[in-house]
Amino acid sequence: MNKKKARAVLACGLCALAFALRVMAQTSARVTSFRDCLNGCPEMVVVPQGRFTMGAPAGEEERENWPNERRGHAVPQHLVTIRDKFAIGKFDVTREEYAQFVAETHRPDPDSCLTLAASGDFISTNGNWHSPGFPQTGRDPVVCVTWDDAQAYVSWLSSKTGHVYRLPTEAEWEYAARAGTTTARYFSDDPAEFCRHTNVGDLDYFEQHPGDSGVNRACRDGYAFTSPVASFPPNQYALYDMLGNVMNWTEDCSNPNYSGAPTDGTAWQSGDCGRHVVRGGSWDMNLSGARSANRRIGAPASYRNTTLGFRVARTL
């Protein structure tokens, strides 16, 4: 390479670096975060108000090879205007944050939790949130928690801080996960790139669960189970693990699709209210499920497994 071309390449690289740093600075300037207490309170991110198109666009589920029996739950697409200014957890609620809640409320341990066997099938064990059957740190997301457990946590957090905490609504969750994007994911769709962005079912997971054939074998993310929060880059709203690590409970009652869904960002409080909607990806999930629009319906309020946790929200 001659000197002239080398200088041009260097200049181009410096320009790209400057642009990336400028975007990061602008994003950081837009993000406001806070914590209402130091012992057990999650860090919260203020989400800008706005509107978005909620749901899966035509052809997305087919293109992603989403199983036929699970299709049709994220339609019809509809415009949602977020009515209330809100903040959402920067991370999933961690084990150490949940442990503070348990210590202060003396909440008894559950005696069962569904976990993944080597076959990739869920089996019932006597595990619980502090003994899920695989190693975790205090900064890993808490698992083996039910919707009822999550409600007890946000009630405790509200009493502790004097602010009203709750689970995010399904619309708030998707709005926060998309972070202004309209693509299937807020990051790359390339299977080989997934492991740079989030913790889902990959080669590391596959080695522990060889019977699960539907995993991403194009890369390794370094984790066979959950990963500590902030192990992967955030989305454009500075929120972590929105499409991986653990799925999240939402406030909404279960409904089979979006026909009649609220359009103001509030929770859907009719339908099957003994069951609730779960959003996001998890450490075992195949790539077709790790999408901003994907939703799991019909989870009983008493359901607990090792791929399911939660994050909190607060109306401002």
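In this predicted model, strand S9 (residues 247-254) and S12 pair in the parallel sense over two bridges. Within that pairing, Asn248 has Gly309 of S12 as its bridge partner. Both strands belong to an open sheet of four strands, ordered S11-S10-S9-S12, in which the pairing is mixed. Strand S11 (295-300) and strand S12 (308-309) stand at the edges with a single partner strand each, so one side of each is left without a neighbour in the sheet.

A further strand pairing involves S3 and S4. Strand S3 (residues 51-54) pairs with S4 in the antiparallel sense, over four bridges, and Met54 stands opposite His78 in S4. In a regular strand the side chains alternate between the two faces of the sheet. Strand S4 (residues 78-81) shows such alternation: His78 and Val80 point to one face and are buried, whereas Leu79 and Thr81 point to the other and are not buried. In the loop between helix H2 (60-63) and S4 lies Pro76, which is joined to Val75 by a cis peptide bond with omega of about -5 degrees.

The largest nonpolar core contains 59 residues, of which Tyr98, Tyr153, Trp249, Phe310 and Val312 touch the most other members. Two or more residues of this core come from each of strand S2 (44-47), S3, strand S5 (86-89), helix H3 (95-105), helix H4 (147-161), helix H5 (170-178) and S9. The most is given by H4, with six residues. Another core lies apart from this one; it has twelve residues, among them Leu116, Val143, Tyr205 and Phe225.

Val312 is situated in the loop between S12 and strand S13 (313-315). Its relative accessibility is 1%, and Val312 therefore counts as buried, the cut-off being under 20%. Leaving aside neighbours within four places in sequence, its contacts include Pro42, Met44, Ala87, Tyr153, Leu157 and Pro168. Pro42 and Val312 are 270 residues apart in sequence, yet their C-alpha atoms are 7.9 Å apart in space.

Helices H3 and H4 also pack against each other. Their axes are 10 Å apart and meet at an angle of about 75 degrees; H3 and H4 are therefore roughly perpendicular to each other, a term that covers 65 to 115 degrees. On the H3 side, the contact is made by Glu97, Tyr98, Gln100, Phe101, Glu104 and Thr105, and on the H4 side by Asp149, Ala152, Tyr153, Trp156 and Lys160. By class, this contact of H3 with H4 has five nonpolar, two polar and four charged residues.

Nine of the nine residues of H5 are buried, so this helix is largely enclosed by the rest of the structure. The buried residues of H5 include the charged side chains Glu170, Glu172, Glu174 and Arg178, as well as Trp173 and Tyr175. H5 is followed by Ala179, which has a positive phi.

Positive phi values in residues other than glycine are found at Cys144 and at Ala179. The table places them beside each other.

| Residue | Phi | Location | Relative accessibility |
|---|---|---|---|
| Cys144 | near 60 degrees | loop between strand S7 (122-125) and H4 | 1%, buried |
| Ala179 | about 50 degrees | loop between H5 and helix H6 (194-197) | 7%, buried |

Note on methods
Residues are numbered from 1 along each chain as its sequence is written. This is a predicted model: local features need pLDDT of at least 70, side-chain atom pairs count only at pLDDT 80 or more; totals for chains, interfaces and linings use all residues. Side-chain values use heavy atoms; hydrogens and water are left out. Buried means under 20% relative accessible area, exposed over 50%, partly exposed in between (1.4 Å probe, protein chains only). Two strands pair if DSSP finds at least two bridges between them. A nonpolar core is a set of buried Ala, Val, Leu, Ile, Met, Phe, Trp, Tyr and Cys residues joined through side-chain atoms within 4.5 Å. Contact means heavy atoms within 4.5 Å. Axes are lines fitted to C-alpha atoms, for helices over the stretch in contact, and angles run from 0 to 180 degrees between N-to-C directions. Angles under 35 degrees count as roughly parallel, over 145 as roughly antiparallel, 65 to 115 as roughly perpendicular and the rest as oblique.
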